[in-house]
Amino acid sequence: MKDIITQDPEILGGKPIIKGTRMSVESILELVASGMSIEDILKDYPILKKDHILAAVDYASKLVGKSK
């Protein structure tokens, strides 16, 4: 899952995004936090795959874990 997330200062100000898209990890996490299911997110954002959503959650989880 590591190579699914990328950062480029030229894209969305360097926010982590799903590689090959302009969909940020932050946006995906907001959708999950709002209560949307993975299936609903995939319907609304056909550019995404299930692995992308899981990678975003995993990425965020590892960032939070580092702050301990």
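**Salt bridges, a buried threonine and helix 3**

Lys15 is partly exposed, with 39% relative accessible area. This comes from a predicted model, as does everything described below. Lys15 lies in the loop between strand 1 (residues 5–6) and strand 2 (17–18). The side chain of Lys15 meets that of Glu26 in a salt bridge, with 2.6 Å from N to O. Glu26 belongs to helix 1 (residues 25–33), so the pair, 11 residues apart, links distant parts of the chain. Glu26 is also partly exposed, since its relative accessibility of 37% falls between the 20% limit for buried and the 50% limit for exposed.

The count of salt bridges comes to two. The other pair to consider is Asp58 and Lys62, whose closest N and O atoms are 2.8 Å apart in a salt bridge. Both residues lie in helix 3 (residues 50–66), four residues apart, which is about one turn of the helix. Asp58 has a relative accessible area of 29% and is therefore partly exposed.

Between strand 2 and helix 1 there is a loop, and Thr21 is found in it. Is Thr21 buried or exposed? With a relative accessibility of 11%, Thr21 counts as buried, because the value is under 20%. The side chain of Thr21 has polar partners in the backbone. It reaches the backbone oxygen of Ile18 at 2.7 Å, and a polar atom of the Thr21 side chain lies 3.0 Å from the backbone nitrogen of Met23.

Helix 3 deserves a longer look. At 1.5 Å a residue, its 17 residues should span 24 Å, and the C-alpha atoms at its ends are 25 Å apart, which agrees. Which residues of helix 3 are buried? They are His52, Ile53, Ala55, Ala56 and Ala60. These residues cover an arc of only 160 degrees around the axis, so they sit on the same side of helix 3. The buried residues pack against strand 1, strand 2, helix 1 and helix 2 (38–44).

His52 gives a detailed view of this packing. This residue of helix 3 is buried because its relative accessible area, 13%, is under 20%. Which residues does His52 contact, leaving aside its neighbours within four places in sequence? The contacts are with Ile4, Ile18, Ile28 and Ile47. Ile18 appears here again, as its backbone oxygen is also what the side chain of Thr21 reaches.

Note on methods. Residues numbered from 1 in each chain as written. Predicted model: local features only at pLDDT ≥ 70, side-chain atom pairs only at ≥ 80, totals over all residues. Heavy atoms only, no water. Salt bridge = Lys/Arg side-chain N within 4 Å of Asp/Glu carboxyl O. Helix = DSSP H or I, 4+ residues; strand = E, 2+ residues; numbered from the N terminus. Buried < 20%, exposed > 50% of the residue type's maximum accessible area, 1.4 Å probe, protein only. Polar contact = N/O pair within 3.5 Å; in protein donor to acceptor, adjacent residues only side chain to side chain. Contact = heavy atoms within 4.5 Å. Expected span 1.5 Å × (residues − 1). Arc of directions from axis to C-beta.
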